[in-house]
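These are my notebook entries on what I looked up, written in the order in which I went through the strands, the cysteines and a few single residues.

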Amino acid sequence: AQVGGPSKYMVGTEQGTVLLCNRKGKTPQDKISHCYHGHHGPVYAVQRNPHCSKGFMSVGDWTVRIWTAEDAQLKTPMFTTYYHKAYLTNGTWHPVRPGVFLTTRRDGVLDVWDLLYRQTA
């Protein structure tokens, strides 16, 4: 999975890591500026939030993880879904609502997540 512009882009790896890359980087550290470790299997999708360019989601193994890009202090995701029984296969942000994203699972289910909706236990 790859997301980004002409020089900066994000790549999900088979090892469960998301890499923030820069084609114009001069050194290896500049070319791969950040690594986000979070999944226990391949990353199937990476997508920036269209309403907040520093926020992005990664979809892999049984979870979705939401991160803040280019934050060297952030070592863990801001949000992680619960572990599903079936592998997640894809995810996308809602085009109009900033806190809503959708995921698909290998068992054919489409889930809708709303980060701004208050749920009580």
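Entry 1, a strand pair. The model I am reading is a predicted one. I began with strand β9, residues 88-93, and strand β10, residues 100-105, and found that the two pair in the antiparallel sense over five bridges. The connection from β9 to β10 is a hairpin of six residues. For the register I noted two positions: asparagine 90 has threonine 104 in β10 as its bridge partner, and glycine 91 stands opposite threonine 103 in β10.

Entry 2, the sheet around that pair. Which strands lie at the edges of the sheet that runs β9-β10-β11? I looked up the order and found an open sheet of three strands, β9-β10-β11, with antiparallel pairing. The edge strands are β9 and β11, the latter covering 110-114, and each of them pairs on one side only. From one strand to the next, the twist averages 20°.

Entry 3, arginine 105. I then turned to arginine 105, which is found in strand β10. Is arginine 105 buried or exposed? The relative accessible area of arginine 105 is 17%, and since buried means under 20%, I enter this residue as buried. Leaving out residues up to four places away in sequence, I listed what arginine 105 touches: His84, Ala86, Tyr87, Leu88, Thr89 and Asp111.

Entry 4, the other sheet I looked up. Four strands form an open sheet in the order β5-β6-β7-β8, and the pairing is again given as antiparallel. Here the edge strands are β5, 43-49, and β8, 79-80, each of which pairs on one side only. I checked the link between β7 and β8 in particular, and found that these antiparallel strands are joined by two bridges. Arginine 65 stands opposite threonine 80 in β8.

Entry 5, aspartate 61. Between β6, which covers 52-60, and β7, which covers 63-68, there is a loop, and aspartate 61 is found in it. I marked the backbone of aspartate 61, whose phi is near 45°, a positive value in a residue other than glycine. The relative accessibility of aspartate 61 is 0%, so I count this residue as buried.

Entry 6, the cysteines. How many disulfides does the structure hold? I found zero disulfides. Cysteine 35 is in no disulfide, and the nearest cysteine sulfur, that of cysteine 21, is 8.0 Å away, whereas a disulfide would need the two sulfur atoms within 2.5 Å. I also looked up accessibility: cysteine 35 is partly exposed, with a relative accessible area of 41%, and for cysteine 52 the value is likewise 41%, which makes cysteine 52 partly exposed.

Entry 7, aspartate 30. I closed with aspartate 30, which has its place in helix α1, residues 28-31. The relative accessibility of aspartate 30 is 40%, so I count aspartate 30 as partly exposed, this class lying between the 20% and 50% limits. Once its neighbours within four places in sequence are set aside, aspartate 30 is in contact with Asn22 and Gly25. I also took the separation of the C-alpha atoms of aspartate 30 and leucine 20, which are 10 residues apart along the chain, and noted 9.8 Å.

Methods. Residues numbered from 1 in each chain as written. Predicted model: local features only at pLDDT ≥ 70, side-chain atom pairs only at ≥ 80, totals over all residues. Heavy atoms only, no water. Pairing = 2+ DSSP bridges. Axes fitted to C-alpha atoms, helices over the stretch in contact; angles between N-to-C directions. Buried < 20%, exposed > 50% of the residue type's maximum accessible area, 1.4 Å probe, protein only. Contact = heavy atoms within 4.5 Å.
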